[in-house]
Amino acid sequence: MKYRTLGNTGLAVSEVGFGVWTVGTTWWGITDEDFGVDLMRQAYDAGITFFDNADSYGDGKAERMLARALGHVRDKIVIATKFGYDIYHQTGEERTGHQERPQDFSPAFVRFALEQSLERLETDYIDLYQLHNPRLQAIESDELFDTLEELKREGKIRHYGVALGPDVGWEEEGVAAMRERGVPSVQIIYSILEQDPARTFFGVAEECGTGLLSRVPHASGLLDGTYTADTVFAATDHRSHRKQEWLAASLRKVGQLDFLYGKDAGRTIGQAALQFVLAQPTVSSVLPNILNEEQLREFAAAPDTPPLTEEESARLRDLYDRNFGVEKEPVAAEEPR
């Protein structure tokens with residue numbers, strides 16, 4: 001494992017981090033809590049020291065799991081968690097899938113949510129406290145950022161940042177967070193197949209000294225072998241027709257990437273996808289979905305594989321600009337995370 005400094009925070013984070021959403025929710029079919037705890041411990045043993053969490057993952061379950069897994073090495077890991085969703089006041093309406101909850105960025109709620117996270121994480125400070133999928137209104141709130149500065153002075157958080165949502169606040173919010181608020185960390189989506197609007201952020205991040213955290217580097221499973229031409233979505237899924245169209249078109253794109261991986265390249269396609277993200281110097285850590293021990297070993301080893309050459313990176317940018325020669329297709333958007 002290799003390590004980078006997160007923006008101007010002074011925090012050293014592993015180039016490959018662990019998104020606790022994979023084991024703290026049931027979104028990817030993991031229901032065994034003991035397995036999730038063990039996987040996080042194995043990640044730490046593999047050199048992963050950055051763990052990205054949120055109070056909304058499993059309504060606090062993911063934070064409790066992280067404390068159980070690695071509370072004994074608290075001073076050796078960097079804990080990021082998120083706030084902004086009101087998981088405490090249920091409306092009584094049934095929540096469908098990853099349906100968004102109401103947000104609350106008021107000072108009183110932020111303080112309340114932080115105390116709950118500290119208790120669940122069994123710690124007296126959080127290294128990186130992130131606004132969770134904020135809209136521009138939250139970024140523009142002086143009251144909110146004054147509260148975050150107070151929490152820093154009190155020692156309850158070391159730094160704060162912004163975790164951008166895919167369809168609920170993105171490019172404008174990210175630029176404003178860096179330029180107007182000077183946040184030292186912004187979490188984005190970036191992959192070989194999803195290079196925009198992340199490209200907009202690289203120059204701004206360098207200018208502002210911001211460290212970027214990148215999730216979904218495998219484009220929701222397309223770049224780690226999860227999906228193949230034989231994958232069939234359940235007929236009961238109301239999006240199945242659209243997903244099948246998206247999958248077919250996406251796999252045509254993936255079919256043009258064989259120059260990146262294999263025995264001669266010295267890396268798997270999953271490792272190449274991580275190296276593509278890490279080629280950006282403003283990216284401090286990449287957060288793949290780690291669902292099992294095999295993926296953990298593969299992804300944790302990615303920083304030790306050959307980095308992409310400039311020729312390979314340029315070819316990938318050109319392929320993206322031409323949509324990989326594929327006709328425009330329906331987009332399978334990431335749910336808010």
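Salt bridges make a handy trail through this predicted model: there are 18 of them in total. Let's visit a few, then look at some strands and a patch of charge.

**Stop one: D75 and K76.** Select these two and show their side chains. They meet in a salt bridge, with N and O 4.0 Å apart. Are these residues buried or exposed? D75 is exposed, and K76 is too.

**Stop two: D142 and R181.** Now pick D142 and R181, whose side chains form a salt bridge with an N to O distance of 2.7 Å. D142 belongs to helix α6 (residues 142–153), while R181 sits in the loop between α7 and β8, so this pair ties together parts that are 39 residues apart in sequence. Try a surface view here: D142 counts as partly exposed because its relative accessibility is 49%. R181 also falls in the partly exposed class, at 22% relative accessibility.

**Stop three: E312 and R267.** Next, select E312 and R267, another salt bridge, where the closest N and O atoms are 3.0 Å apart. What does this pair tie together? E312 lies in helix α12 (residues 310–321) and R267 in the loop between α9 (240–254) and α10 (269–278), so the link joins parts 45 residues apart in sequence. Hide the surface for this one: E312 is buried, with a relative accessible area of 14%, and R267 counts as buried at 5% relative accessibility.

**Stop four: E33, D34 and R68.** Select this trio together. Salt bridges with shared partners join E33, D34 and R68 into one network.

**Stop five: strand β7.** Switch to cartoon and select residues 157–163, which make up β7. Why is this strand largely enclosed by the rest of the structure? Six of its seven residues are buried, so the rest of the structure largely surrounds β7. Now add its neighbours. Strand β6 (residues 126–132) pairs with β7 in the parallel sense over six bridges; to find one contact, look for I126 and its bridge partner in β7, I157. Then bring in β8, which runs parallel to β7 and is joined to it by two bridges. Here the residues to click are V162 and its bridge partner in β8, V186.

**Last stop: a negative patch.** Turn the surface back on and select E140, E171, E172, E180 and D196, which form a negative surface patch. Zoom in on E180, found in the loop between α7 (171–179) and β8 (185–189). With 58% relative accessibility, E180 counts as exposed.

Technical notes: Residues are numbered from 1 along each chain as its sequence is written. This is a predicted model: local features need pLDDT of at least 70, side-chain atom pairs count only at pLDDT 80 or more; totals for chains, interfaces and linings use all residues. Side-chain values use heavy atoms; hydrogens and water are left out. Patches are made of residues with over 30% relative accessible area and no salt bridge: like charges are joined within 9 Å, nonpolar side chains (Val, Leu, Ile, Met, Phe, Trp, Tyr) within 5 Å. Accessible areas come from the Shrake-Rupley method with a 1.4 Å probe; for residues, only the protein chains shown count as cover. Lys and Arg count as positive and Asp and Glu as negative; His and the chain ends are not counted. The place of a charge is taken as NZ of Lys, CZ of Arg, CG of Asp or CD of Glu. Helices (H or I, at least four residues) and strands (E, at least two) are DSSP runs, numbered from the N terminus. Buried means under 20% relative accessible area, exposed over 50%, partly exposed in between (1.4 Å probe, protein chains only). Two strands pair if DSSP finds at least two bridges between them.
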